[in-house]
Amino acid sequence: MEVEIKLRLPDAAAHRRLASFLAPRLLRTDAQRNLFFDAAARPLAAATAALRIRLYSLENQPPSRAVLALKRRPRLEAGVSRVEELEEPLDPALALACADDPARLGGVDSPIVRLVADEYGVGGGSAPFVCLGGFRNTRGVYELQEGEGPRLVLELDETHFDFGTNYELECETADPDQAKEVLERLLTVAGVPYEYSRSNKFGCFMAGKLLP
């Protein structure tokens, strides 16, 4: 179970202000390309499941890393996201080949692909994979520690959809109440407006519009 705090920022100005405030704590910046796969009838989406390939690269460079993930049964309440998640590394060249020929994903030797075939019937000859498309995301990764408090890894996202740009602060945590309190205090001190996210990135992608 992946548990995250998700706080939505209203615009690019708020994102820039927070990025500047957090700059001394920056660990790295990731450029991500996210692609989603399903069968033509979309049985995964109907079951609130998302199969994703995420490619990591520097701008205008071939991907250096790829990850295959299955996320399902998401719940998002008061800025706290809970979702069942399985992840495994994928060879970047194979990931690109699957992006060009989605049906090829069904033949990948992978526990996740086998689970999707067994539980959702997707990936075989009768329901081959198709690529639904995706979006690009630039993620600043920061380390935050307040006094004797827990070390938190913050992820500041600028997500580019075909229909608009979304800005969000995320933090994976085993103690969501405490982490949310720390993040809310941080944003207040930084003078950055925010609200609790009420939808995830995949939901926005599938809706074809920015959701709150």
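**Helix 5, two odd phi values and the cores**

Colleague: What makes the span of helix 5 close to the expected one?

Modeller: This is a predicted model, by the way. Helix 5 covers residues 176-190, and those 15 residues reach 21 Å from first C-alpha to last. The expected figure at 1.5 Å a residue is 21 Å, so the span is close to it.

Colleague: Which residues of helix 5 are called buried?

Modeller: The cut-off is under 20% relative accessible area. Among the buried ones are Pro176, Ala179, Leu183 and Leu187, and also Lys180 and Glu184. Just after helix 5, Gly191 takes a positive phi of about 70 degrees.

Colleague: Why is Arg42 called partly exposed?

Modeller: Its relative accessibility is 39%, and partly exposed runs between 20% and 50%, so Arg42 counts as partly exposed. Arg42 is in the loop between strand 2 (26-38) and helix 2 (43-46). Its phi is near 60 degrees, a positive value. Most residues other than glycine have a negative phi.

Colleague: And why is Arg73 called partly exposed?

Modeller: At 45%, Arg73 also falls between those limits, so the label is partly exposed. Arg73 sits in strand 4 (residues 65-77), and its phi is positive too, near 55 degrees.

Colleague: Which residues touch the most other members of the largest nonpolar core?

Modeller: Leu51, Ile53, Leu105, Val116 and Phe129 do, out of 25 residues. Helix 4 gives the largest share, 5 residues. Apart from this core lies another, of 23 residues, including Leu7, Ala14, Leu154 and Ala179.

Conventions
Residues are numbered from 1 along each chain as its sequence is written. This is a predicted model: local features need pLDDT of at least 70, side-chain atom pairs count only at pLDDT 80 or more; totals for chains, interfaces and linings use all residues. Side-chain values use heavy atoms; hydrogens and water are left out. Helices (H or I, at least four residues) and strands (E, at least two) are DSSP runs, numbered from the N terminus. Buried means under 20% relative accessible area, exposed over 50%, partly exposed in between (1.4 Å probe, protein chains only). A nonpolar core is a set of buried Ala, Val, Leu, Ile, Met, Phe, Trp, Tyr and Cys residues joined through side-chain atoms within 4.5 Å.
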